Amino acid sequence: MVRIAGVDKHFGDIQVLHGVDLDVAAGEVVVIIGPSGSGKSTLCRCVNRLETITSGTITIDGVPLPAEGRELAELRADAGMVFQSFNLFAHLTALQNVTLAPVKVRGLSRQDARTRGRALLARVGLADKADVYPAQLSGGQQQRVAIARALAMEPKVLLFDEPTSALDPEMIQEVLDVLVELATEGMTMIVVTHEMGFARQAADRVVFMESGRILETATRADFFTGAHTERAAEFLSKVLRH
C-alpha cells in the first residue's frame, strides 16, 4: 500500500532522512519509534507530501506522490493524517469538522456526509458531541474528532504523528483505544508514537529510527523480546523502565 524507496530529506544544509526504505502492506499496522529528532515525524509527513522529499520515491497504492493541484488533494484524501495538535477548525462543530472535506474534496452530498459523520463520531465514542465546538471538548475528545475526520475520507492509509503527545495522561488511553480498534478492523496505519503499550498491543511491525535512518525493523514479538541492534535495545531499556 505504501512504498518508500531511497528517501532523502534535507532542510537546507541539514539532512534529516538518509536513504529510508520501507514498505507497508495493505491492512498492516507499522509503528515507528525512536528518540526525539530521529526523523520519525518528518518521514510520516513526507508520506502525504506535507514535506517534500529531496530524493527517492514514495508511492501509495502504486501511485507516485503528485507534486501539486487536485491530484495532491486526492492523494491526501487517500492518506489521512492525524496530528499531535488536533488541527480542528475552531469555528466549526465536531460534525462540521468531520463533514467538510468529504463534501469539498470527495463531492459527497451534505446529507450523506452528515449521516456518515454522525456514524463516525459514534464509532469514536462521541455520538453526543456532534454539535459541540472544539473549545468545549477535552483534548482526548478533540483528537477522537480528528480521527473521525480522517476516516470520513475513507482513506487507504492513516498516518498518525504522535497522536497522544499533546494529551494529559488520563486522556491518552481513550485515543489509544480507538487506534487499537482501527488496527483490529484492518486499517492500514503508520503510527509515530512513544506509547510502547500501543506498539506491543497493535503493531504488526515496529520500525526503530535514529538520526534519520531506520536501524531496525521487526515484528512486535521479535522487537520487544530482543531488539537486534544495540541502540534499539538501549532505547527500549530506558523507555520501558518508566
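Helices, as the term is used here, are DSSP runs of H or I with at least four residues, numbered from the N terminus. On this basis α3 is the element that gives the most to the lining of the second largest pocket, with five residues. The model examined is a predicted one, and its two largest pockets are described in turn below.

The second largest pocket holds about 170 Å³ of space. Its lining is made up of Leu92, Gln96, Thr99, Leu100, Val103, Lys104, Arg110, Ala113 and Arg114. Besides α3, the helix α4 (110-123) also supplies at least two residues of this lining. By residue class, the lining of the second largest pocket comprises four nonpolar, two polar and three charged residues.

In the largest pocket, the space amounts to about 470 Å³. A total of 19 residues line the largest pocket, and those lying nearest its centre are Arg76, Met81, Ala101, Arg149 and Met153. Four elements each contribute at least two residues to this lining: the helices α2 (69-78), α3 (94-104) and α5 (139-151), together with the strand β6 (79-82). Of the elements involved, α3 again gives the most, here with four residues. Twelve of the lining residues of the largest pocket are nonpolar, four are polar and three are charged.

Helix α3 is therefore, by the DSSP assignment, an element shared by the two linings: α3 is the main contributor to that of the largest pocket and to that of the second largest pocket.

Technical notes. Residues numbered from 1 in each chain as written. Predicted model: local features only at pLDDT ≥ 70, side-chain atom pairs only at ≥ 80, totals over all residues. Heavy atoms only, no water. 1 Å grid on protein atoms, 1.4 Å probe; cavity = no way out; pocket = protein on both sides within 12 Å on 5 of 7 lines; lining within 4 Å. Points joined across faces, edges and corners; volume = space filled by probe spheres on them. Nonpolar A, V, L, I, M, F, W, Y, C, P; charged D, E, K, R; others polar.
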